[in-house]
Amino acid sequence: MTILHVDSSINGANSVSRSLSAAVVARLTQINSSETVVLRDLAARPLPHLSQVGGGDPSVLEEFLSATTVVIGAPMYNFGVPSQLKTWLDYIAVRGKTFQYGASGPEGLCGGLKVIVVSSRGGIFTAGSPYAAFDHQESHLTAFFSLLGVKDLSFVRAEGLALGEEMQRRALEAAQMQIQNLAA
Ligand SMILES: Cc1cc2nc3c(=O)[nH]c(=O)nc-3n(C[C@H](O)[C@H](O)[C@H](O)COP(=O)(O)O)c2cc1C
């Protein structure tokens with residue numbers, strides 16, 4: 001059983017998504033101590049964009065395919081995911097490996113994978129809020145992992161982080177509560 005822990009925040013030790021993704025991994029290893037953890041830090045070691053001259057280091061895909069659980073620290077940057085994380089998505093969406101095309105469209109090949117996304121954002125974008133339509137971060141990751149056939153996708157969310165100390169405190173408390181309630 002391998003947990004792939006992916007981080008993408010550029011904020012180092014001050015990053016909310018990094019501290020929460022670490023807490024998720026700690027909780028999962030507390031639940032199941034036989035888990036092995038592999039860390040991929042996309043800000044410390046950014047992957048080159050796919051391009052005409054190549055790209056798509058196959059070891060990145062192999063690392064993803066070897067995981068049973070993937071924990072992703074995914075802050076909202078300019079309404080979407082950090083470009084470092086977007087590039088990683090480009091590496092793992094590989095036809096014939098993580099999805100394929102069938103008679104009725106794309107079919108995901110990662111049905112057994114569990115994915116937990118830690119979503120951090122300055123504003124509030126949850127369904128029903130005035131800015132819900134501006135969320136191209138969680139919605140992107142939802143669409144992406146649906147393409148890959150992932151059925152067990154969940155979000156640990158800390159939002160409203162730029163809306164004052166009280167909002168931040170409540171957001172972090174709610175996220176920590178979600179983490180404590182994570183099941184095996
Ligand atoms: C480059 C950049 C772009 C950001 N864009 C947005 C945004 O579009 N909407 C938002 O609500 N917050 C935005 N934020 C705020 C972050 O989502 C927020 O600070 C969050 O805590 C970042 O996660 P981190 O602490 O793990 O880096 C942005 C922050 C940065 C650094």
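The exercises below work through salt bridges, ligand contacts and surface features in a predicted model.

**Exercise 1. Salt bridge between α2 and β2**

Task: Find which residue forms a salt bridge with Glu 63, and state where the two partners lie.

Solution:
- Step 1. Start with the total: a search of the whole structure gives eleven salt bridges.
- Step 2. Look at Glu 63. Its partner is Arg 40, and the closest N and O atoms are 2.5 Å apart.
- Step 3. Place the partners. Glu 63 sits in helix α2 (residues 58-65), while Arg 40 sits in strand β2 (residues 36-41). The two are 23 residues apart, and the pair links distant parts of the chain.
- Step 4. Check burial. Glu 63 and Arg 40 are both buried.

**Exercise 2. A strand-to-strand pair and its network**

Task: Decide which parts of the chain are tied together by Arg 121 and Glu 159, and name the network they belong to.

Solution:
- Step 1. Confirm the contact. The side chains of Arg 121 and Glu 159 form a salt bridge, 3.0 Å from N to O.
- Step 2. Assign the strands. Arg 121 belongs to β6 (residues 114-121) and Glu 159 to β7, so the salt bridge ties together parts 38 residues apart in sequence.
- Step 3. Check burial. Arg 121 is buried, and so is Glu 159.
- Step 4. Widen the view. A network of salt bridges links Arg 121, Asp 135, Glu 138, Arg 157 and Glu 159.

**Exercise 3. A pair within one helix**

Task: Describe the salt bridge between Glu 166 and Arg 170, and classify each residue as buried, partly exposed or exposed.

Solution:
- Step 1. Take the distance. The two side chains meet at 3.5 Å, N to O.
- Step 2. Locate the pair. Glu 166 and Arg 170 both lie in helix α5. They are four residues apart, about one turn of the helix.
- Step 3. Apply the cut-offs. Partly exposed covers values between 20% and 50% relative accessible area.
- Step 4. Classify Glu 166. Its relative accessible area is 39%, so Glu 166 is partly exposed.
- Step 5. Classify Arg 170. Its value is 48%, so Arg 170 is partly exposed.

**Exercise 4. The ligand shell**

Task: How many residues surround the ligand, and which are the closest? Then describe the polar contacts and the composition of the shell.

Solution:
- Step 1. Count the shell. The ligand is surrounded by 16 residues. The closest are Ser 9, Ser 15, Ser 17, Met 76 and Gly 123.
- Step 2. Sort the shell by type. Seven residues are nonpolar, eight are polar and one is charged.
- Step 3. Find the contributing elements. Helix α1 (16-31) and strand β6 each provide at least two residues of the shell.
- Step 4. Examine side-chain contacts. An N or O atom in the side chain of Ser 9 is 2.6 Å from a ligand oxygen. For Tyr 77, a polar side-chain atom lies 3.5 Å from an oxygen of the ligand.
- Step 5. Examine a backbone contact. A backbone N or O atom of Gly 123 is 2.7 Å from a ligand oxygen.
- Step 6. Judge the cover. On its own, the ligand has 620 Å² of accessible area, and the protein covers 74% of this.

**Exercise 5. The loop between β3 and α3**

Task: Which sign does phi take in Asn 78 and in Phe 79? Add the exposure of both residues, and find the patch that includes Phe 79.

Solution:
- Step 1. Locate the residues. Asn 78 lies in the loop between β3 and α3. Phe 79 lies in the loop between β3 (69-75) and α3 (83-92).
- Step 2. Read the angles. Phi is positive in both: near 50 degrees for Asn 78, and near 75 degrees for Phe 79. Neither residue is glycine.
- Step 3. Classify Asn 78. Its relative accessible area is 77%, so Asn 78 is exposed.
- Step 4. Classify Phe 79. At 39% relative accessibility, Phe 79 is partly exposed.
- Step 5. Find the patch. Phe 79, Tyr 131 and Phe 134 make a nonpolar surface patch of about 310 Å².

**Exercise 6. Sequence distance and spatial distance**

Task: How many Å separate the C-alpha atoms of Val 16 and Arg 121, and those of Ala 162 and Glu 138?

Solution:
- Step 1. Take Val 16, in helix α1. Its relative accessible area is 19%, so Val 16 is buried.
- Step 2. Pair Val 16 with Arg 121. They are 105 residues apart in sequence, and their C-alpha atoms are 9.0 Å apart.
- Step 3. Take Ala 162, in the loop between β7 (152-159) and α5 (165-180). Its relative accessible area is 60%, so Ala 162 is exposed.
- Step 4. Pair Ala 162 with Glu 138. They are 24 residues apart along the chain, with 18 Å between their C-alpha atoms.

Notes:
Residues numbered from 1 in each chain as written. Predicted model: local features only at pLDDT ≥ 70, side-chain atom pairs only at ≥ 80, totals over all residues. Heavy atoms only, no water. Buried < 20%, exposed > 50% of the residue type's maximum accessible area, 1.4 Å probe, protein only. Salt bridge = Lys/Arg side-chain N within 4 Å of Asp/Glu carboxyl O. Near = heavy atom within 4 Å. Polar contact = N/O pair within 3.5 Å; in protein donor to acceptor, adjacent residues only side chain to side chain. Areas by Shrake-Rupley, 256 points an atom, 1.4 Å probe, with all protein chains shown as cover. Nonpolar A, V, L, I, M, F, W, Y, C, P; charged D, E, K, R; others polar. Patch = residues over 30% accessible without salt bridge, like charges linked within 9 Å, V, L, I, M, F, W, Y side chains within 5 Å.
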